[in-house]
Amino acid sequence: MLAGLPGDPVILLGVVNTKLRDFYPSLDAMCDDMQIDEKELTEKLGMIDYEYDAGRNQFV
């Protein structure tokens, strides 16, 4: 579930990357803290050809 996050994948990308950059050391930490489904998030961003890069801690 992605409650509290934008439904549009492009806007979601900006919000998620900003949260990762400013508040969280990893995608796992963000998903755990925000209680969101990591698989659902990665699939939604995958729809616009973005994947999580752990080394950069962002979707690229």
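Here are legends for a set of close-up views of this predicted model.

**View 1. Helix α1 from end to end.**
This view takes in helix α1, which runs over residues 9–22. Its 14 residues reach 20 Å from the first C-alpha to the last, close to the 20 Å expected at 1.5 Å a residue. Look at the start of the helix for a small detail: a side-chain oxygen of Asp8 comes to within 2.9 Å of the backbone nitrogen of Val10.

**View 2. The buried face of α1.**
Which residues of α1 are buried? They are Pro9, Leu12, Leu13, Val16, Asn17 and Leu20. Seen down the axis of α1, the buried residues fall within an arc of 125°, so they line one face of the helix. And what covers them? The cover includes α2 (27–34), α3 (38–46), β1 (52–53) and β2 (58–59).

**View 3. Asn17 up close.**
Asn17 has its place in helix α1. Is Asn17 buried or exposed? With a relative accessible area of 16%, Asn17 is buried, since buried means under 20%. Setting aside residues up to four places away in sequence, Asn17 touches Gln58 and Phe59.

**View 4. The two sides of α2.**
Helix α2 has a buried side, and Leu27, Met30 and Cys31 are the residues to look for there. They cover an arc of only 95° around the axis, which puts them on the same side of α2. Swing your attention to the other side of α2 and you meet Asp32 and Asp33, both exposed. The buried residues of α2 have a cover that includes α1, α3, β1 and β2.

**View 5. Inside the largest nonpolar core.**
The largest nonpolar core has 14 residues. Which of them touch the most other members? That would be Leu12, Val16, Met30, Ile36, Leu41 and Phe59. Helices α1, α2 and α3 each supply at least two residues of this core, and α1 gives the most, with 4 residues. As background, nonpolar side chains in soluble globular proteins tend to be buried together.

**View 6. Phe59 and its contacts.**
Phe59 is one of the core residues that touch the most other members, so this view stays with Phe59 and what lies around its atoms. Neighbours within four places in sequence are left aside here. Among the contacts of Phe59 are Leu13, Val16, Asn17 and Leu20. Further along the chain, the list also includes Leu27, Leu41, Thr42 and Leu45. Tyr50, Glu51 and Tyr52 are in contact with Phe59 too.**View 7. A salt bridge at Arg21 and Asp22.**
How many salt bridges does a search of the whole structure find? It finds 2. Here you can see Asp22 with Arg21, the closest N and O atoms being 2.8 Å apart. Arg21 is exposed, with a relative accessible area of 61%, while Asp22 counts as partly exposed at 42%.

**View 8. A salt bridge along α3.**
In this close-up, the side chains of Lys39 and Glu43 meet in a salt bridge, 3.6 Å from N to O. The two residues are 4 residues apart in helix α3, which means that about one helical turn separates Lys39 and Glu43. Lys39 is exposed, with a relative accessible area of 56%. Glu43, at 46% relative accessibility, counts as partly exposed.

**View 9. Two loop residues with positive phi.**
Gln35 sits just after α2, in the loop between α2 and α3. What is its phi? Gln35 has a positive phi of about 55°, although it is not a glycine. Gln35 is also exposed, with a relative accessible area of 71%. Now move to the loop between α3 and β1, where Asp49 lies. Asp49 is not a glycine either, and its phi is positive at about 65°. At 68% relative accessibility, Asp49 counts as exposed.

**View 10. Met1 and its contacts.**
Met1 lies in the segment before α1 and counts as exposed, at 65% relative accessibility. Which residues does Met1 contact, leaving aside neighbours within four places in sequence? They are Gln35, Ile36, Asp37 and Glu40. Met1 and Lys39 are 38 residues apart in sequence, and their C-alpha atoms are 9.5 Å apart in space.

Methods. Residues are numbered from 1 along each chain as its sequence is written. This is a predicted model: local features need pLDDT of at least 70, side-chain atom pairs count only at pLDDT 80 or more; totals for chains, interfaces and linings use all residues. Side-chain values use heavy atoms; hydrogens and water are left out. The expected span of a helix is 1.5 Å times one less than its number of residues. Buried means under 20% relative accessible area, exposed over 50%, partly exposed in between (1.4 Å probe, protein chains only). The arc is that of the directions from the helix axis to the C-beta atoms. Contact means heavy atoms within 4.5 Å. A polar contact is a pair of N or O atoms within 3.5 Å; within protein, one must be able to donate a hydrogen and the other to accept it, and residues adjacent in sequence count only if both atoms are side-chain atoms. A salt bridge is a side-chain nitrogen of Lys or Arg within 4 Å of a carboxyl oxygen of Asp or Glu. A nonpolar core is a set of buried Ala, Val, Leu, Ile, Met, Phe, Trp, Tyr and Cys residues joined through side-chain atoms within 4.5 Å.
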